[in-house]
Amino acid sequence: QIVATGICRTDDHVLEGHFVDVDFPVIPGHEGAGIVESVGEGVTSVKPGDKVIPLCIPHCGQCSFCRNPESNFCLKSHFSEPQNLMPDKTSRFTCKGKQIHHYLWLSTFAEYTVIPEYAVAKIDPAAPLDKVCLIGCGFSTGYGAAVNTAKVKPGSTCAIFGLGGVGLSVIMGCKVAGASRIIAVDINKDKFAKAKELGATDCVNPRDFQKPVEEVLTEMTGHGVDYSFEVIGHADTMVAALASCNMNTGVCVMVGVAPAGSMISFDPVLVLCGRTWKGTLLGGGKARDFIPKLVSSYLEKKFDLDLLITHMLPIAKVNEGFELLRAGK
């Protein structure tokens, strides 16, 4: 039973047809939290009544990636094979007798869903599901990009491009990691107050300048930031984020999802001098371990998820939620 779900920009990409591997009709949603209603044969890690978070990157525990301690990928993931049907190639959803497809095996916009055991994580029974649902994707992706993927060091400088829920979560991760300067970048200045509340020290609107934003950030910091994060999903801002970190030891993490078929062109000298350009999936932690730990950290008040929540709507008003998302609200 899904009790609460966030609306992630990725769900909007699904509706806009940006992903070629999604079959319609489909029930989207992948950032949820719920309670186990019943379990199938052989399931041992969860039982009816357990609070759980569905995992958009599964953890089968058997493949070469799952067995690699440095990896958080899994060959059961949608990057390797479609997740439009259950692993047995059936759908558990129908409408008026016709098959409806799953999304990432999760489909958290349904009140009840069926999920493989290795795509769900048991969490602390004290967790408020209407808050920790954000840990299912947006928060863990942003926070983990800073603490796991970039491994932000104390005293460092960081720049975050894009201040939606995921970008704000990157700011929270940079702050917890001890960054001394956190520069928030967005063309929507209405995002700046929340960014500062969560830990940003500076806010930059690229439209306020005649020069490219990477030049602005380089001038602000001397030689560029130590870590930059692109949390939008645009090819041009990905290159700008890379160019804004320092030329030798700078690390740029790609967090935003670009539309299918997007291509990037950039000057190889940006990387030749030593910069590191890397991506992150679900914040770089093995999901069945990382996500329950984040829930526990939230309960210990190590960060405040509640500040990321702007609206609470009944599921019947999900389309209004998408309108708020697209309006930058």
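## A buried serine, a pocket and an enclosed helix

The side chain of S107 comes to 2.9 Å from the backbone nitrogen of Y103, a polar contact (a pair of N or O atoms within 3.5 Å; within protein, one must be able to donate a hydrogen and the other to accept it, and residues adjacent in sequence count only if both atoms are side-chain atoms). This is a predicted model, in which local features need pLDDT of at least 70, side-chain atom pairs count only at pLDDT 80 or more, and totals for chains, interfaces and linings use all residues. Residues are numbered from 1 along each chain as its sequence is written, and side-chain values use heavy atoms, with hydrogens and water left out.

Where does S107 sit? You will find S107 in the loop between β5 (98-100) and β6 (120-122); strands are DSSP runs of E of at least two residues, helices runs of H or I of at least four, numbered from the N terminus. Not counting residues up to four places away in sequence, S107 touches I27, P28, G29, F93, H101, H102 and T113, where contact means heavy atoms within 4.5 Å.

T113 also appears in the second largest pocket: among its 24 lining residues, V36, S38, T113, V114 and I115 lie nearest the centre. β2 (31-35) and β3 (51-54) are the elements that give two or more residues to this lining. A pocket here is an open set of points on a 1 Å grid over the protein atoms alone, where a 1.4 Å probe fits, with protein on both sides within 12 Å along at least five of seven lines; lining residues have an atom within 4 Å of a point. The lining divides into 15 nonpolar, five polar and four charged residues.

Now to helix α8 (residues 235-244): eight of its ten residues are buried, so the helix is largely enclosed by the rest of the structure. Buried means under 20% relative accessible area, exposed over 50%, and partly exposed in between (1.4 Å probe, protein chains only). The cover over the buried residues of α8 includes β7 (157-161), α7 (213-221), β10 (227-230) and β11 (251-254). L242 lies in this helix, and its contacts, not counting residues up to four places away in sequence, are S228, C252, F266, L270, V271, R275 and W277. L242 and F266 are 24 residues apart in sequence and 9.5 Å apart in space, C-alpha to C-alpha.

Here are the two residues side by side.

| Residue | Relative accessible area |
|---|---|
| S107 | 0%, buried |
| L242 | 0%, buried |

Conventions:
Nonpolar A, V, L, I, M, F, W, Y, C, P; charged D, E, K, R; others polar.
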